[in-house]
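Please examine the model shown here before turning to the discussion of its chains and helices.

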Number of protein chains: 2
Amino acid sequence: MSQELRRFKAEIFQALAHPTRIAIVEALRGGDLSAGHLIEKLELEQSNASQHLAVLRAKQIVTSRKEGNQVFYSLRDPVLIEVLDIMKRYFYSHLSQTMSMLKEIRSEKAAPKK
Amino acid sequence: MSQELRRFKAEIFQALAHPTRIAIVEALRGGDLSAGHLIEKLELEQSNASQHLAVLRAKQIVTSRKEGNQVFYSLRDPVLIEVLDIMKRYFYSHLSQTMSMLKEIRSEKAAPKK
DNA sequence: TGCGTAAATTCGCAATTTCGAATATACTAC
DNA sequence: GTAGTATATTCGAAATTGCGAATTTACGCA
């Protein structure tokens with residue numbers, strides 16, 4: 001069962017492992033938003049947004065409800081916001097290392113290894 | 001910068017988005033362990049373990065120190081354990097939905113869609 | 001020096017993820 | 001019915017990930 005639990009956790013992490021999906025979750029922090037509103041606010045391609053929303057739906061991180069023409073999304077459990085906040089603290093407490101790490105990653109992408 | 005922060009968070013989530021890597025982090029909860037000990041405890045292939053450890057190192061989730069012939073790993077920041085514990089609570093509070101979700105996923109893999 | 005052990009890296013290869021373009025579905029209003 | 005809008009899904013290509021086998025690197029010891 002512990003193995004099962006780890007698989008579950010890994011799937012949740014995987015669902016959150018994309019900047020756009022994190023942006024969506026954070027945008028829903030203040031309350032429900034329609035897909036269209038999310039697209040506008042985050043400046044996303046329509047199909048791309050829909051695909052990311054599908055991932056979040058599949059992992060039950062968000063729930064959707066139809067209202068006439070549009071679909072509103074909301075966070076199923078605010079505990080995920082708690083997790084994101086912890087990550088923010090994590091980020092700032094390791095800021096200097098983090099920055100150099102990010103820089104490293106970028107320069108590697110520019111000039112990929114030797 | 002907020003975009004940058006999201007990229008950073010996404011990378012951390014990505015690093016944790018694998019059952020084996022979660023198992024490694026949890027195994028390090030109680031203190032340092034050598035790579036060999038981790039391999040034995042988690043019953044991993046040597047190269048596979050090393051690759052997962054490389055991911056965790058790259059994202060600075062673990063730090064390593066050499067001691068003679070072997071390499072000991074430790075968690076850089078116990079706050080990640082906190083995150084995993086929150087996930088556990090999340091898991092149990094949504095247990096019934098989670099189980100059906102997992103079942104769904106498995107059956108889809110067995111008989112992929114229609 | 002050479003041998004043995006611990007760990008990291010490299011090498012295919014298969015599976016998964018991500019993207020935008022295109023298409024399909026669902027609803028509203030006329 | 002048709003037209004228009006909102007959202008979801010499908011498609012194909014590029015990039016990334018995960019794996020075990022094989023190899024390499026690094027260390028301790030005789």
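The following exchange concerns a predicted model.

Student: How many residues does each chain bring to the contact between chain A and chain B?

Tutor: The contact is counted on each chain in turn. Chain A brings 46 residues, and chain B brings 46 residues.

Student: What area is buried between chain A and chain B, and which three residues of chain A supply more of chain A's share than any other three?

Tutor: The area buried between the two chains is about 4700 Å², with carbon and sulfur atoms giving 69% of it. Of the area that chain A buries against chain B, 16% comes from three residues, more than from any other three: F8(A), F13(A) and Y90(A).

Student: How many salt bridges cross the interface of chain A and chain B, and which residue meets K9(A) in a salt bridge?

Tutor: The rule finds four salt bridges across the interface of chain A and chain B. In a salt bridge with an N to O distance of 2.8 Å, the side chain of K9(A) meets that of E26(B).

Student: Which helices of chain A each supply at least two residues of the side that touches chain B, and how do the residues of that side divide by class?

Tutor: Helix 1 (2-16), helix 2 (19-27), helix 5 (79-93) and helix 6 (95-110) of chain A each supply at least two residues of that side. By class, the residues of the side of chain A that touches chain B are 25 nonpolar, eight polar and 13 charged.

Student: Are helix 5 of chain A and helix 1 of chain B roughly parallel or roughly perpendicular to each other?

Tutor: The axes of helix 5 of chain A and helix 1 (residues 2-16) of chain B lie 10 Å apart, at an angle of about 105°. Angles of 65 to 115 degrees count as roughly perpendicular. Helix 5 of chain A and helix 1 of chain B are therefore roughly perpendicular.

Student: Which residues of helix 1 of chain B make the contact with helix 5 of chain A?

Tutor: By class, the residues of this contact are 10 nonpolar, no polar and two charged. Helix 5 of chain A contributes V83(A), L84(A), M87(A), K88(A), Y90(A), F91(A) and Y92(A). From helix 1 of chain B come L5(B), F8(B), K9(B), I12(B) and F13(B).

Student: Within chain B, which residues of helix 4 make the contact with helix 2?

Tutor: Helix 2 (residues 19-27) and helix 4 (residues 46-58) of chain B pack at an angle of about 70°, with axes 10 Å apart. These two helices of chain B are therefore roughly perpendicular to each other. Helix 2 of chain B contributes T20(B), R21(B), I24(B) and V25(B) to the contact. Helix 4 of chain B contributes H52(B), L53(B), V55(B) and L56(B).

How values were computed: Residues are numbered from 1 along each chain as its sequence is written. Chains are lettered from A and ligands numbered from 1 in the order in which they are written. This is a predicted model: local features need pLDDT of at least 70, side-chain atom pairs count only at pLDDT 80 or more; totals for chains, interfaces and linings use all residues. Side-chain values use heavy atoms; hydrogens and water are left out. Contact means heavy atoms within 4.5 Å. Buried area is the accessible area (1.4 Å probe) that two parts lose on being put together, summed over both. Helices (H or I, at least four residues) and strands (E, at least two) are DSSP runs, numbered from the N terminus. Ala, Val, Leu, Ile, Met, Phe, Trp, Tyr, Cys and Pro count as nonpolar, Asp, Glu, Lys and Arg as charged, and the others, Gly among them, as polar. Axes are lines fitted to C-alpha atoms, for helices over the stretch in contact, and angles run from 0 to 180 degrees between N-to-C directions. Angles under 35 degrees count as roughly parallel, over 145 as roughly antiparallel, 65 to 115 as roughly perpendicular and the rest as oblique.
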